[in-house]
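Work through the exercises below with the sequence and the model side by side. Each task is followed by a solution in steps.

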Amino acid sequence: MKILILGAGQVGGTLAENLANEANDITIIDSNGTRLRELQDRLDIRTVQGHGSYPTVLRQAGAEDADMLIAVTSSDEVNMVACQIANVMFKTPTKISRVRANAYLARKELFGENGFPVDVLISPEHLVTKHITRLIEYPGALQVLEFSKGLVRLVAIRATKGGPLVGHELSYLRSHMPRIDTRVAAIFRKDRPIMPQGDTVIEDGDEVFFIAGTDHIRSVMSELQPLEKPYKRIFICGGGNIGQRLASTLESRYQVKLLERDHDRCVMLSENLRKTVVLEGDAANKDILLEENIENTDVFCAVTNDDEANIMASLLAKRLGARKVLTLINNPDYVDLIQGGDIDVAISPQQTTIGSLLTHVRRGDVVNVHSLRRGAAEAIEAIAHGDHRSSKVVGKRLDEINLPEGTTIGAIVRHNEVLIAHDHLRIQPDDHVVLFLVDKTRIRDVEKLFQVGLTFF
C-alpha cells in the first residue's frame, strides 16, 4: 500500500517503523527537518518537510495516488483539514485522523458524509483510558485485550509462586479446571518467547499470555498467581484529558481521588466530575500523599504529560505504600527500563494507539490488531471468508493449517459463541479467528492465509 503519514512524532514515527517493515510504500510529512532525518536514517521511507495540510505539500508527497492518509500531527485541526483536502483534491480512498479534543469528539455530526470526511477517528486518550480501566478491572494483569466485542479476552499475567499452575506442566490446567476452557497463546521467559506445548512447565516470573471467554478470565488468572482482592480506592495524578476521562469512567464503581496542580483546571474538573474528589497540589509533595492516606490506595495512576513527573510521583507513591502503580510513559526508551520494579505497569500511549491504526492497514479482513511487548509481538482477529476451494483456512481442521512459525490460533468466535482452539476444530466461513504472533515479521504470511483466492470452475 502507498501510505502518507502526517506527523513524525512518537505515534507517527512508531507507525512508520511498523509499516515500513511490512513492505509498504511510506511517505512521512512533518515540518521538523531534524526529526525527519532521524527517521530516514533508520527506515526505508520517503520524507517531505512542510505543513501537512497544505495542498502543495500533499501533492509533493504523492497524495494523487496514495491509498491511505493517516494524520497524526499534534494538531486536531491540521489532521481534520488534511483529510478534507485529501478527499476533495486527491480522492484518497481511506483517511484516518487522530482527534484528541473532546469538544470535537462529542459532536458525531462533525464527521462523515456532511462533515469532515474522516473514515476512522483515533482518540489516544480514549484508547489509553480503556486500557487502564481493564487493568483495574482485572487486578494483577499486565495487559487485557478484547476481541469480538468483548466476548474473548487475551490477558498477559506474571506467573508467581503460590499460583497452582506454577511449577506444573500446562496439561495440568485441564485436569485441574475441567469446566473452564482456555488456551495459553505464548510464554515469555526472560524476554524470550516459548511456544507452549502440553509438557511446557510454567516457571515463577514467566509472562504468560492466555485466551479465554470473558467469564473465565479471573478463574484462569487464579491458576497463575494468588488472586488479588478487587480494587476499591483509585488515586489519579494528573487532570488532563486522560485523567479527566479516567476519573469519569471509574467514579461510579470506585472511590476516586484526582490530584491536579493547575487551579483553573481543578475548578473545571470539580464542576464536571460527579463523585471524584478533586485535589489541588503537586504529586511530588510527600505531605499531600500522606494526608490523603496513600498507604490505603489500591491503584495509583500517574497520567500527566510529563514522563519524569509520572515516574517520580509513582516511585514516591509506591514507597509510601500504594498497592499497585500504573505509569503513563510517552518515551518508548523508558518503558523497558522501569516496568516490573517499583512500577508495576508502564503504559505506552503509542503502542495502545498503534494497534488501532494497524487494524485499518492490514490486508485480508482483519478487524482487530493489538501490538504487544513494545511492538515485537501482535495479536490479531481475522474473519475467514470463501470456501474450501478459495480459502487456505476454511474447511480445514486447525492442525491442518500451515501456520507461520511462532503463530498460534487461540480462539474462534462463531455466531457469538466462543470456541477455544483445539486441533479437531474446523474453520467455517465468517468465523472470527484470534491469532497470536510472537514474531511480527510473519504478519504478511498470516494475512495471506486469510485472503480469498480466485476459484476457477
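**Exercise 1. Decide whether F188 and F209 are buried or exposed, and describe how their rings are arranged.**

Solution. Begin with accessibility: F188 is buried, and F209 is buried as well, where buried stands for under 20% relative accessible area, exposed for over 50% and partly exposed for the range in between, with a 1.4 Å probe and protein chains only. The model is a predicted one, in which local features need pLDDT of at least 70 and side-chain atom pairs count only at pLDDT 80 or more, while totals for chains, interfaces and linings use all residues. Residues are numbered from 1 along each chain as its sequence is written, and side-chain values use heavy atoms, with hydrogens and water left out.

Next, take the rings. A search of the whole structure gives 4 aromatic pairs; rings of Phe, Tyr and Trp (its six-membered ring) pair if their centres lie within 6.5 Å, and planes under 30 degrees apart count as stacked, over 60 as edge-to-face and the rest as tilted. The ring centres of F188 and F209 are 5.7 Å apart and the planes stand at 70°, so this pair is edge-to-face. Since F188 belongs to strand β9 and F209 to strand β11, the pair ties together parts 21 residues apart in sequence; strands (E, at least two residues) and helices (H or I, at least four) are DSSP runs numbered from the N terminus. Finally, F188, F209 and F436 make up one aromatic cluster.

**Exercise 2. Describe the sheet that contains β9 and the helices lying on this sheet.**

Solution. First, set out the strand order: this open sheet of 5 strands reads β7-β8-β11-β9-β10, and its pairing is antiparallel, two strands being paired if DSSP finds at least two bridges between them. Its edge strands, each pairing on one side only, are β7 (141-147) and β10 (192-194). From one strand to the next the twist averages 20°, with axes fitted as lines to C-alpha atoms, for helices over the stretch in contact, and angles running from 0 to 180 degrees between N-to-C directions.

Second, follow one pairing: β9 (residues 182-189) and β10 are joined by 3 bridges in the antiparallel sense, and F188 has P193 in β10 as its bridge partner.

Third, add the helices. Helix α6 (residues 124-137) lies across β7 and β8 (152-158), at about 115° to β7. Helix α8 (residues 217-224) packs on the sheet, where it touches β7, β8, β9 and β11 (207-213), and its direction makes about 155° with that of β11; contact here means heavy atoms within 4.5 Å.

**Exercise 3. Describe the pair formed by F235 and F300, then explain why C237 is in no disulfide with C301.**

Solution. Start with the aromatic pair: F235 and F300 are stacked, at 5.6 Å centre to centre and 20° between the planes. This pair links distant parts of the chain, with F235 in strand β12 (residues 233-237) and F300 in strand β15 (residues 299-302), 65 residues apart. Both residues, F235 and F300, are buried.

Then turn to the cysteines. The whole structure has 0 disulfides, a disulfide being a pair of cysteine sulfur atoms within 2.5 Å. The cysteine sulfur closest to that of C237 is in C301, at 9.8 Å, and is therefore too far for a bond. C237 is buried, with a relative accessible area of 5%. C266 is likewise in no disulfide, its nearest cysteine sulfur, that of C237, being 11 Å away; C266 is buried, with a relative accessible area of 7%.
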